[in-house]
Amino acid sequence: MLTGVRRFIQSESAGGVVLGLAALAALIAANSPLAAAYQAFVTLPGEVRIGGDALVLAKPLVVWVNDLWMAVFFFLVGLEIKRELLEGELASLRQALLPAGAALGGMVVPALIYVALNRGDAVALRGWAIPTATDIAFALGILMLLGSRVPASLKVFLTAVAIIDDLGAIVVIALFYTSELSLPMLGAAAVGAAVLFALNRARVSSIAPYVVVGALVWLCVLKSGVHATLAGVITAFAVPMRRADGSPLAEEAEHALHPWVAFLVLPVFAFANAGVSLQGVTPASFGQAVPLGIALGLVAGKAIGVFAAAWLVVRLAGASFPAGATLRQFFAVCLLCGVGFTMSLFIGGLAFAGQGAAYEIQLKLGVLGGSLVAALLGSALMLGGAQPRAEAQ
């Protein structure tokens, strides 16, 4: 199990570096003579026709990336969540208490901060969930760059918190960020989901049938009004953990998919979504309610929410802080939970879809600024020296 966790962390951390480079490239392109070419690239039209005009999917590149490519990312997230719940760090109540409580606090407090700052703007309030997210690739990438001074227990804790955070994000997207529902398409998606779980019950041990049926579920979910990426999670949950002979199936699929997601899917998402023009942006721009709410939610809300909830779980439920970690190191990781980049941008794109460029720019300023500050503060605190160990009193 520990070997699997180490492989997961190493893959995610390397992907975090590539993700950061892709985001930086997008920012440079959007603020250089390449700006027009960059905009032309992300809005490049793509169309799929099946049966003439029977089924037409026409979207710009950035929407294809957000709807289709990110479904692959959510498929991987679903596999990770299932593994952790059944066989990993979240398999027992005692193991799950600390990261589950910390993740919940890390979602509630940022949302409250954002709502408090944007309560007078009905459109802005749609973005309440933006600062609740943690980007596991970026956050783990930062921890790995800090080297051996970071206890392994903190890396496992951050991984567990981020995975539970992703599960929370999935629920939020399903409940709050759906458009008008098409009941026939939703019914077709339900039939597809039933087929997936029938394959599971039949112990079908090839990943291909799940992918084929999952693709049909994705199409139905896309047309139903529920966000299409949820099809990736449904498909992942249907994949059996093991084949009939006991050999791993879901874990093999997860490891095979990790490099593609870490080094292609997420960097392309970052490049397509992180390019924000800084023309006309001043320090006052960050003081607007939306970017300020996002940034404060990511930096202060995440750190306070994760740390306070973890402390309460330790004091009231008998859980233990990560072994070998000091209070200073633990709080540094709580700060790093505020690196929300990928999922925050994704949720923000759903929240402000069709609301105009102004909200899109404010979203990106808040997410990029807040994630950067959280990363710098967390890294500085981790490098700052040792403190007494974090132990339950």
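Trainee: Is the crossing of helix 7 and helix 8 left-handed or right-handed?

Mentor: In this predicted model, helix 7 spans residues 183-201 and helix 8 spans residues 207-224, and the two pack against each other with their axes 8 Å apart. For the sense in which helix 7 and helix 8 cross, the computed result is left-handed.

Trainee: How are helix 7 and helix 8 oriented to each other, roughly parallel or roughly antiparallel?

Mentor: The angle at which helix 7 and helix 8 pack is about 160°. Angles over 145 degrees count as roughly antiparallel, and helix 7 and helix 8 are therefore, with respect to each other, roughly antiparallel.

Trainee: How many residues of the contact of helix 7 with helix 8 are nonpolar?

Mentor: On the side of helix 7 the contact includes Met185, Leu186, Val195 and Leu199, and these belong to a set that meets residues of helix 8, among them Pro209, Tyr210, Val213 and Lys223. When the residues of this contact are divided by character, one is charged, four are polar, and the nonpolar ones number 14.

Trainee: Which residue forms a salt bridge with Asp165, and where does that partner lie?

Mentor: The search of the whole structure finds six salt bridges, and in the one formed by Asp165 with Lys302 the closest N and O atoms are 2.6 Å apart. Both Asp165 and Lys302 are buried. Asp165 lies in helix 6 (residues 152-176), so its pairing ties together parts that are 137 residues apart in sequence, the partner in helix 11 (residues 289-317) being Lys302.

Trainee: How many residues apart are Glu87 and Arg242, whose side chains meet in a salt bridge?

Mentor: The N to O distance in the salt bridge of Glu87 and Arg242 is 3.4 Å. Glu87 is partly exposed at a relative accessible area of 30%, and Arg242 is partly exposed at 33%. The salt bridge between Glu87 and Arg242 links distant parts of the chain, with Glu87 in the loop between helix 3 and helix 4 and Arg242 in the loop between helix 9 and helix 10, and their separation is 155 residues.

Trainee: Is Lys59, which forms a salt bridge with Asp67, buried or exposed?

Mentor: The closest N and O atoms of Asp67 and Lys59 are 3.7 Å apart, and the cut-off for a salt bridge is within 4 Å. As for accessibility, Asp67 and Lys59 are both buried.

Trainee: How many of the 10 residues of helix 5 are buried?

Mentor: Helix 5 covers residues 136-145 and is mostly covered. Its buried residues include Ile136, Phe138, Leu140 and Ile142, and the count of buried residues in helix 5 is eight.

Methods. Residues numbered from 1 in each chain as written. Predicted model: local features only at pLDDT ≥ 70, side-chain atom pairs only at ≥ 80, totals over all residues. Heavy atoms only, no water. Axes fitted to C-alpha atoms, helices over the stretch in contact; angles between N-to-C directions. Helix = DSSP H or I, 4+ residues; strand = E, 2+ residues; numbered from the N terminus. Parallel < 35°, antiparallel > 145°, perpendicular 65-115°, else oblique. Left-handed = near helix turned anticlockwise from the far one by under 90°. Contact = heavy atoms within 4.5 Å. Nonpolar A, V, L, I, M, F, W, Y, C, P; charged D, E, K, R; others polar. Buried < 20%, exposed > 50% of the residue type's maximum accessible area, 1.4 Å probe, protein only.
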